[in-house]
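Me: I'm new to this one. Can you walk me through it, a piece at a time?

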Amino acid sequence: MKQYLKIDEWSIIEESFDPHTQEISESIFSIGNGYMGGRANFEEQYSGHSLQGSYMAGVYYPDKTRVGWWKNGYPEYFAKVLNSTNWIGINIDIDGTPLDLATSTVTQFRRVLNMKEGTLFRSFTAELEDGKQVQVESIRIVSMARHEIGAIRYAVTPLNFAGTLTVTPYLDGDIKNKDSNYDEKFWNEVEKKSGTEGGYLTLKTKKLDFHVTSAFAFDIVVNGEKVTAEAEALEQEKYVGSKVALSVQSGDQVVIYKYAANVTSRNYGLGQLVEAAHSALNGAREAGFVTLLNEQAAAWGDKWKESDIIIEGDVSAQQAIRFNIFQLNQTYTGEDDRLNIGPKGFTGEKYGGSTYWDTEAYCVPFYLSTADSSISRNLLIYRYKHLEKAKENARKLGFKKGALYPMVTMNGEECHNEWEITFEEIHRNGAIAHAIYNYVNYTGDKAYLGQYGLEVLVEISRFWEERVHYVPRKDQYVMLGVTGPNEYENNVNNNWYTNRIASWTMEYTLEALKYLQENEAARYAELADKLELQDSETSKWNEIISKMYYPSDEELGIFLQQDGFLDKEIIPVKEVAPENLPLNQKWSWDRILRSCYIKQADVLQGLYFLGDRYDLDTKKRNFDFYEPITVHESSLSPCIHAILACELGYKEKAYEMYLRTSRLDLDNYNNDTEDGCHTTSMAGTWMSVVHGFGGLRVQADRLILNPSNPGHWTSYSFKIMFRGSRLKVNVTDAQVTVTNETDVPAALTIHGKEYTVNGLGSVTAEGSSVTA
């Protein structure tokens, strides 16, 4: 699509109003704080196309599954994060006519997402049908310092008339989810109260009994003076508001300060909600909007101190990486181990806001390097707490033992209802196991294995043991009827990645058992008893590891994505007519399934995860074969290709893939940004820079860096936290400089040479460029 957003290092800027891009902008300009968030809907009434969205983390609903053909093992519901009370609303009427940009002539429109300070700004001039003109400026925040608080400064100036300006701040709980399977509304009203300076509204979900209380208060300032105007209290079903009529002259500036608090029964008892909401609300109102803005800037300053990436010489790339980091930081903050990361964050409803394997494969690395280790630890504990549910999921599919983690979940139960995904895309188990390895390897926190990790690893290994099938005539173990990461092929036999990650999981489980047996004997004995671990099981795992079948082609020297893959007609994507792309919008499913085209990294996903097991020649042969037939129609695909391209020295391909992943939403590559941003793939964008161009790995308790500088950048730098130290890595064509911003020394290897970066010190290594 046509790029309509201005390129800027720290901001996302829209300089004209186009109703056709409104829903895209609502996604891109979304703001949140990990506890709550919402789309960039207008405060005032808007009758044009819009997806109103305000979401509370962890508040979800089991919407009844809608399928035409029920199969044994299907979940009965699809869990989804609910569209919650609309707290931003401030309706404006001018002599009885609503201010509505869908029916007005709009000029001087400007919308700015200030990523440095976490604010959403909007200004415009609107001419109503009767010729009256107003100028509006609004600033909105969702507070990172006070996670239950949102605040708005909304200023209206009449430009060519004197008359009555009616202001109505409100809370509206009569909302619905666009993705409701049966167009059902999910909320019931519990209580409400409206007054002259605000009000509150408590709703509860029709199932699961989540309660949310929203409270608001407002102040009005005219020409710099606070006014006390007589307000009319409004109450309707699931709605409270306060209506204020003001006599204004041309040039008067009317400023509405609206403060809102949103609290949930996840954190308070039902009898405490109203009091908790008003306590948070009163504190915010007393502090005032300027103080809240200052707090917001300071909180975001701390976030950027830990996670900023600076790119010199390429403003488009700079804007893109900061946008991705901004969305990640405002989606998940890690304080609550009951929460996880939905593929759309707080930007939309697609995928239900549920947890996918995206978290373990893509998000954990970001939080490992940009936040305290407790943050990524909580992501793993989330899965540990769902272990019993994962075991239940395996039993529902007919397995006698082991755990199958769900493809899509809120509470540990599977809630995905496409059979080829629910029953067959079982490689997700491997991503969870790999995340445990990744965390322990990166942080050195081996105590996690005895505390939580081993139980998960053993139950996943038990699942793999039962899922594989021994073929006597081959004397090998195979795995039939699976879907690999490439969802453009279903029900295949011996997907190389699934077989490989299964075998690797059993290997790592055995390593973890050995470590505990040798170093934490008492805990090992306790766990062996709790798990009823048998020697016969570990012997079986060793046998499967040694006899696992991996499809390959000796002539090409590649791993085959699955049995029979080379029976397909192999035609590079570049030879597909542009009008046939994207395939998922142009081709029938039958045609896609029979083609050679790959939705996202599959074999290459395994070569990334297990990169230390394979040499460069192996990676090169597989990359050269699979990348040209990959259509990248998953948001999770370009980043893996960017990382491997960097490792192989394919600088232009790496840069191409980086731009594709980093500007996926800003440039609406997949023509679906209106549904919400691809939040979990944004972690892959960060990986493209740090694991790709930066060459970050951790081996033998050392940080490994093999930086390369794409020719499009003058230099770049990134921050990484590693075992108590925070390092800034600066890369130019000539050298790599690592500066320690803490007093904790760090051991690292740069281009094969070992260094120690002392506390508050720095080291410089020569040479960063690689040749294509």
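Me: Let's start with the cavities. What classes of residue line the second largest cavity?
Reply: Seven nonpolar, two charged and no polar residues. Keep in mind that this is a predicted model.

Me: Which residues are they, then?
Reply: The lining is made up of Glu360, Leu380, Arg383, Tyr384, Ile432, Ala435, Ile436, Tyr448 and Val456.

Me: And which elements give two or more of those?
Reply: Three helices do: helix 6 (373-385), helix 9 (428-443) and helix 10 (447-467).

Me: How much space is in there?
Reply: About 60 Å³.

Me: OK, and the largest cavity? How much space does that have?
Reply: About 80 Å³. Its lining has 13 residues. Nearest the centre of the largest cavity are Gly38, Arg39, Gly53, Trp87 and Ile88.

Me: What's the class mix there?
Reply: For the largest cavity, four lining residues are nonpolar, seven are polar and two are charged. Strand 4 (36-38) and strand 11 (133-142) each supply at least two residues of that lining.

Me: How many cavities of 30 Å³ or more are there?
Reply: Five.

Me: New topic: sheets. What is the strand order in the open sheet of five?
Reply: The order is 21-28-29-30-33, and the pairing is antiparallel.

Me: Why is one side of strand 21 and of strand 33 left without a neighbour?
Reply: Strand 21 (309-312) and strand 33 (762-766) are at the edges, and each has a single partner strand, so one side of each has no neighbour in the sheet.

Me: How much does the sheet twist?
Reply: The average is 15 degrees from one strand to the next.

Me: What joins strand 30 to strand 33?
Reply: Five bridges, with the two strands running antiparallel. Strand 30 covers residues 735-740. Take Thr737: its bridge partner in strand 33 is Thr764.

Me: Which helix packs on the sheet?
Reply: Helix 3, residues 289-307. Helix 3 touches strand 21, strand 28 (715-722) and strand 29 (725-732). The directions of helix 3 and strand 28 make an angle of about 100 degrees.

Me: Last thing, aromatics. How many pairs are there?
Reply: The structure holds 46 aromatic pairs. One involves Trp10 and Trp304.

Me: Is that pair stacked or edge-to-face?
Reply: The ring planes of Trp10 and Trp304 are at 85 degrees, so the pair is edge-to-face. The ring centres are 5.0 Å apart.

Me: Where do the two sit in the chain?
Reply: In distant parts, 294 residues apart. Trp10 is in the loop between strand 1 (5-6) and strand 2 (11-14), while Trp304 is in helix 3.

Key:
Residues numbered from 1 in each chain as written. Predicted model: local features only at pLDDT ≥ 70, side-chain atom pairs only at ≥ 80, totals over all residues. Heavy atoms only, no water. Pairing = 2+ DSSP bridges. Helix = DSSP H or I, 4+ residues; strand = E, 2+ residues; numbered from the N terminus. Axes fitted to C-alpha atoms, helices over the stretch in contact; angles between N-to-C directions. Contact = heavy atoms within 4.5 Å. 1 Å grid on protein atoms, 1.4 Å probe; cavity = no way out; pocket = protein on both sides within 12 Å on 5 of 7 lines; lining within 4 Å. Points joined across faces, edges and corners; volume = space filled by probe spheres on them. Nonpolar A, V, L, I, M, F, W, Y, C, P; charged D, E, K, R; others polar. Phe/Tyr/Trp six-rings, centres within 6.5 Å; stacked < 30°, edge-to-face > 60°.
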